[in-house]
Every structure is written in structure tokens, then in C-alpha cells.
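User: I would like to go through this structure in short questions and answers. Where should we begin?

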Number of protein chains: 2
Amino acid sequence: MNYEEAKNKFISTWGSLGSLWGINKAMAQIHALLLISPESLSMEDIMEELHISRGNASMNLRQLMDWGIVFKENKIGERKEYFSSEKDVQELAKQIAKERSRRELQPTIKILNDVSNISEDGTDKTKELIKQTKALHEMAETLDIMMNKVVGQGNNWITKALVKLVK
Amino acid sequence: MNYEEAKNKFISTWGSLGSLWGINKAMAQIHALLLISPESLSMEDIMEELHISRGNASMNLRQLMDWGIVFKENKIGERKEYFSSEKDVQELAKQIAKERSRRELQPTIKILNDVSNISEDGTDKTKELIKQTKALHEMAETLDIMMNKVVGQGNNWITKALVKLVK
DNA sequence: TTAAAGTTTCAAAAATTATTGAAATTTTAA
DNA sequence: TTAAAATTTCAATAATTTTTGAAACTTTAA
């Protein structure tokens, strides 16, 4: 496998994987491209490399910036904007975990809390609803702590110790 | 909020959440319904409760069974099949983590391994591709271990200790 | 200022994904 | 066996999501 093949394989794998962690194909591919690019790239570069339209590139770059994993750069004497990705995978994981917690997990925790606090009426179905949503609530809170405090934190020794422990 | 409201809120929340962990709305809603139902339900029950077609119910129930989180039951003297969900949320998490590892993470690890092992040719772009895919490979392996060995395992004391440690 | 270069927006089109419903298949009671 | 009950399959349709591309907007060099 030569460079071109490997690059394309990586970009397309990352792209289809994207839909599995909640971002679309183009967004994930742009991210993949920037991640392995030693230089920052212009919007033209990205459009050309991935065969996508200007609008598509613009919208998805903006989203990647909202996620805090892609940054805009300005080169002196150049009018065009250039883009680069967070390159440290620990930092990347931390940022993604943080955003997913904020966007998905925390709203869910709130709803689980509301639902699990309806008043007990003595029926089986109400008991079961309360019991299960309480259990999910507790699990979601644990997961939330993990995502915000453990993933990609400087205290990465925890992960290492954990891996050694259970491997 | 009364029982009906709470139930509907939970089902619809779980449903829209589903698309974020890679399963479709109907599938996630069926799962939510079974999770809070004290009795196992027939396909009719599910169709009626969620207003979905027979085909839809059939296909999604099958997928839930493939995921190992919904089971078929037969009541004696009844021809119909009944369905119930795994009720233990630890076990549920374990099963989901295991399946996601198998379906998504492991194939990705394989590709990251292939890509990161192309031959070094001295160029910056090749160096960067190798460096980044190696880093992602290592992280993916760690995540894989976590998902298979830590999540929902009997050794849940690990999680508890960890939460206490970082909270 | 002006106008060229660059970027964003968004309605329309394309692509993808989910759902329906009826025919085909399977299962089981008699 | 037969036929009623139940389930599965899958082509057609519907719904949703993504992408395009051109107009509107913004920025900056002259």
C-alpha cells in the first residue's frame, strides 16, 4: 500500500466511522484530511481533495470549529483562510468527549431525572418506569463523569493503570 | 407529570438518542418500551403502542435480538411470540459495548494498523500519516479494552473507585 | 470608495435511510 | 394433511439528511 492508497483508505474509513459518532461523512473526512496534513489547508485545497462543493466545505468546517477540533489560521500576506486540526489525539478525545457530554448526555440526564421522579402510584408499570429510569440516570451520571474527568485528561496515568489492571 | 406523559417522554427521548449511538429511531423506541414494561409484549402490543407497521416491528425486533438485548419468549398455550428486554442496565451496557467494539472499533483498529504500517519514504506527509494513525491505533486499542473489560463487568468496583477518585 | 477575492447562507436537488403493507413463508393446532 | 395464525421479506414509498451552487455578504488592497 503506497501513500495515496493509505491516505484514501484512512480518509474514507474515518468518514464512514463519523456517522457512528454522530457527525456526517463530509465533516469526518475533512477532519481526517486535516489530521494527517502536515500543513494547514485552504478551503480550495479541501474542496479539491475531497471533491465537495464550497458550501459543503464551509458548513462542515464551521461545525468542526464549533466542536473545537479544527482551527482557522491566517497566513501573513494571504487573504485566504487556512484550516488545521487539533493534532494531539488525547486532546482530540477530550474535546469530543466534552462536546458529546454537553450535547447529548447532559440533556438526557435531565430528562431521566424528571421521568424518574414522577409520583409513585403503586402500580407495577409505574414502579418499573421509576426503577429503570433511576438506574439509567445513575449510569448516565457515571458515564458523564468519565467523559469529562477521565478521557484525555492530563491524569492519563489512570487510563494506563486501568489498562494494565484489566488487560 | 403523570405516568403516560413520563412514559412517552422516556420513549421519545430514548428514540432520538438512538440515532446517536448508531441505531434507528424505531429500534430505540421498541427497546425503551420493553425496558420499562413489567410484562413481555407481543408484536401487536408494540405496533399499537408505537404506531408502527408490522414489518417495521419485525425487522427492528430482530435487530435488537442480534444485539443481544431483547429476547423472544413463548407463553405456554399461546401461539404468539412475546418480547422482553434485558433489564439490568449494567448488563445492557456491557452488551452494547461489546457489540459496538465488534462492529465498529475492531474493523477500524485493523485498518489503522494497516495504514500506519506503510513504508516510510522520508516525506513529511508520509511521516505525518504514520504518526497520526499510530496514535489513533493506540488510542483505539485502549478504548477497545475499556469497552470489553471494564464496562458493565462484574468488577464494577473499578468504576466505583474511579468515580470516587476523580469526582 | 470600489471591486476583486473570499466566505457564508439557504432553497432546491440528490442521496440516503426508514417505513409501509401486502405477498410469501413458517408454524402449529386440529 | 389442512388452514388459520403469526411472522418475515422486500419492492415501493415516504421521510430525513446531505450536498450543491448561485446569490448575498464580508473583507481588504489599491
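Analyst: Helices and strands here are DSSP runs, a helix having at least four residues and a strand at least two, and they are numbered from the N terminus. The model is predicted. From the N terminus on, the elements of chain A run α-α-β-α-α-β-β-α-α-α.

User: How many helices and strands does the secondary structure of chain A come to?

Analyst: The elements of chain A, taken from the N terminus, read α-α-β-α-α-β-β-α-α-α. Sorted by kind, they come to seven helices and three strands.

User: Is chain A compact or more spread out, judged by its radius of gyration?

Analyst: The C-alpha atoms of chain A fill a box of roughly 70 × 40 × 35 Å along the principal axes. For 167 residues the globule rule gives 15 Å, and the radius of gyration of chain A is 21 Å, well over that value, so chain A is more spread out than a compact globule.

User: What share of the residues in chain A is buried?

Analyst: A residue counts as buried if 20 or more other C-beta atoms lie within 10 Å of its own. Of the 167 residues in chain A, the buried share is 29%.

User: Among contacts in chain A between residues at least 6 apart in sequence, what share joins residues at least 24 apart?

Analyst: A contact needs two C-beta atoms within 7 Å. With pairs at least 6 apart in sequence taken as the whole, the share in chain A that joins residues at least 24 apart is 52%.

User: Which strands stand at the edges of the sheet in chain A?

Analyst: The sheet in chain A is open, and its three strands have the order β1-β3-β2 with antiparallel pairing. Each edge strand has a single partner, so one side of it is left without a neighbour in the sheet; these strands are β1 (41–42) and β2 (70–74) of chain A.

User: Which residue stands opposite A:Asn74?

Analyst: β2(A) and β3 (residues 81–85) of chain A pair in the antiparallel sense over five bridges. Opposite A:Asn74, in β3(A), stands A:Glu81.

User: What angle does the direction of α2(A) make with that of β3(A)?

Analyst: α2(A) packs on the sheet and touches β1, β2 and β3 of chain A. The angle between its direction and that of β3(A) is about 85°.

User: In chain B, which residue does B:Ser42 stand opposite?

Analyst: Chain B has an open sheet of three strands in the order β1-β3-β2, with antiparallel pairing. Two bridges join β1(B) to β3 (residues 81–85) of chain B. Opposite B:Ser42, in β3(B), is B:Tyr82.

User: Which strands of chain B does α4(B) touch?

Analyst: α2(B) packs on the sheet of chain B, touching β1, β2 and β3. α4(B) packs on the sheet too, and its direction makes about 110° with that of β2(B). The strands that α4(B) touches are β2 and β3 of chain B.

User: Is B:His51 buried or exposed?

Analyst: B:His51 lies in the loop between α3 (43–50) and α4 of chain B. A residue is exposed if 12 or fewer other C-beta atoms lie within 10 Å of its own. B:His51 has 7 such neighbours, so it counts as exposed.

User: Which element gives the most to the side of chain B that touches chain A?

Analyst: The contact takes 43 residues from chain B and 43 residues from chain A. On the chain B side, two or more residues each come from α1 (3–18), α5 (89–116), α6 (124–150) and α7 (157–166). With 14 residues, the element that gives the most is α6(B).

User: How many charged residues are on that side of chain B?

Analyst: By class, the side of chain B that touches chain A has 23 nonpolar and ten polar residues. Its charged residues number ten.

User: Which element gives the most to the surface near DNA strand C?

Analyst: DNA strand C is surrounded by 18 residues, and A:Gly55, A:Glu81, B:Asn24, B:Ser53 and B:Gly55 are the closest. α4 (54–66) of chain A, α2 (25–35) of chain B and α4 (54–66) of chain B each supply at least two residues of this surface. The element that gives the most, with five residues, is α4(A).

User: And which element gives the most to the surface near DNA strand D?

Analyst: Of the 18 residues around DNA strand D, those that come nearest are A:Asn24, A:Ser53, A:Gly55, B:Gly55 and B:Glu81. By class, this surface has four nonpolar, six polar and eight charged residues. The element that gives the most, with five residues, is α4(B).

Terms used: Residues are numbered from 1 along each chain as its sequence is written. Chains are lettered from A and ligands numbered from 1 in the order in which they are written. This is a predicted model: local features need pLDDT of at least 70, side-chain atom pairs count only at pLDDT 80 or more; totals for chains, interfaces and linings use all residues. Ala, Val, Leu, Ile, Met, Phe, Trp, Tyr, Cys and Pro count as nonpolar, Asp, Glu, Lys and Arg as charged, and the others, Gly among them, as polar. A residue is near a molecule or strand if its C-beta atom, placed from the backbone, lies within 6 Å of it. The radius of gyration is taken over C-alpha atoms; the globule rule is 2.2 Å times the number of residues to the power 0.38. Two strands pair if DSSP finds at least two bridges between them. Axes are lines fitted to C-alpha atoms, for helices over the stretch in contact, and angles run from 0 to 180 degrees between N-to-C directions.
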